[in-house]
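Colleague: Before I rely on the terms used for this model, I would like to hear what lies behind each of them.
Modeller: Then let us take them in turn, with the structure in view.

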2 protein chains.
Amino acid sequence: MARKLKLECCDCDEGAVTLPADESAEQLAKLAWAVAHPARVRIVRLLVSRQACVCGEIVDSLPLAQSTVSQHLKILKESGLIQGEVNGPKVCYCINPQKLEELKALIADL
Amino acid sequence: MARKLKLECCDCDEGAVTLPADESAEQLAKLAWAVAHPARVRIVRLLVSRQACVCGEIVDSLPLAQSTVSQHLKILKESGLIQGEVNGPKVCYCINPQKLEELKALIADL
DNA sequence: ATCATCCATCGTCGATCAACGATTTAGAGA
DNA sequence: TCTCTAAATCGTTGATCGACGATGGATGAT
């Protein structure tokens, strides 16, 4: 976790380099990582296309075992991109629009 | 690599589901993966902020060993997001605007 | 021709991912 | 209560990541 951060590239003395901070890079990396797997991309798209989706439907729409899908859902949940709501014995997942917008903004600003 | 793809969720018979194909999911996953690491995010940002950058400058701007940075550059190159041009004993890297736009579009369409 | 520099690649190591089956937990219904 | 179902978690396995130092190859300078 050392920090060198010299950035003395060509002597472009624009003064306020400010370099979007490391934090921003880590935030973007984290969100990008969440969608850095085809299965997770498909889950996100599925949840965007319909408002909400029960876990079982997601499992059925992917060629993966239930436990594997559950893991992907966990990753997406941890990233904040999706939310799960317990609904009786089932769990209903939906997109977190704020986080999705955050991802879009961070990518768009690249 | 099996393909189940049932997607018989709620009977929303919108007919043309067309579901962006798997390919698109894999393409997005691949590009997202390229920026799914803070170091690579910083490299991309560095290359966007300046037109081109010699490898050595990139190494100096990151708290990582030269070989590690070279690996990240390789990953970014393989994703198509950046290009490297040999320039004498040095290598000059620059962004591939098309690929970057492709990534932005894929994310924006989520 | 030799040497130094820049960069890529190799080989290694520990950590994490991705997948699965099996098991556990929690809620609904008989 | 007991059972069934839905979903999460556990435990394992093989593959890949991410980091590094060391080595190798190409170019430019002496």
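**Terms and their grounds**

Modeller: In this predicted model, Gln83(A) stands opposite Cys94(A), a residue of strand S3(A).

Colleague: What makes S2 and S3 of chain A a pair of strands?

Modeller: Strands count as paired from at least two bridges upward, and six bridges join S2, residues 82-87, to S3, residues 90-95, in chain A, with the two strands running antiparallel. The hairpin that they form has two residues between the strands, and Gly88(A) takes a positive phi near 70° there.

Colleague: Which residues are closest to DNA strand C, and how many surround that strand?

Modeller: There are 22 residues around DNA strand C, and the closest are Ser67(A), Gly88(A), Cys55(B), Gly56(B) and Ser67(B). Two or more residues each come from H4 of chain A and from H3, H4 and S3 of chain B, with H4(B) giving the largest share, six residues. By class, this surface has nine nonpolar, 11 polar and two charged residues.

Colleague: Why is H2(A) called roughly perpendicular to H4(A)?

Modeller: The two axes come within 10 Å and cross at roughly 70°; because angles of 65 to 115 degrees count as roughly perpendicular, H2(A) is described in that way relative to H4(A). The contact is made by Ala39(A), Arg40(A), Ile43(A) and Val44(A) of H2(A), together with His72(A), Leu73(A), Ile75(A) and Leu76(A) of H4(A). By class, this contact has six nonpolar, one polar and one charged residues.

Definitions and conventions. Residues numbered from 1 in each chain as written. Chains lettered and ligands numbered in written order. Predicted model: local features only at pLDDT ≥ 70, side-chain atom pairs only at ≥ 80, totals over all residues. Helix = DSSP H or I, 4+ residues; strand = E, 2+ residues; numbered from the N terminus. Near = placed C-beta within 6 Å. Nonpolar A, V, L, I, M, F, W, Y, C, P; charged D, E, K, R; others polar. Axes fitted to C-alpha atoms, helices over the stretch in contact; angles between N-to-C directions. Parallel < 35°, antiparallel > 145°, perpendicular 65-115°, else oblique. Contact = placed C-beta atoms within 7 Å.
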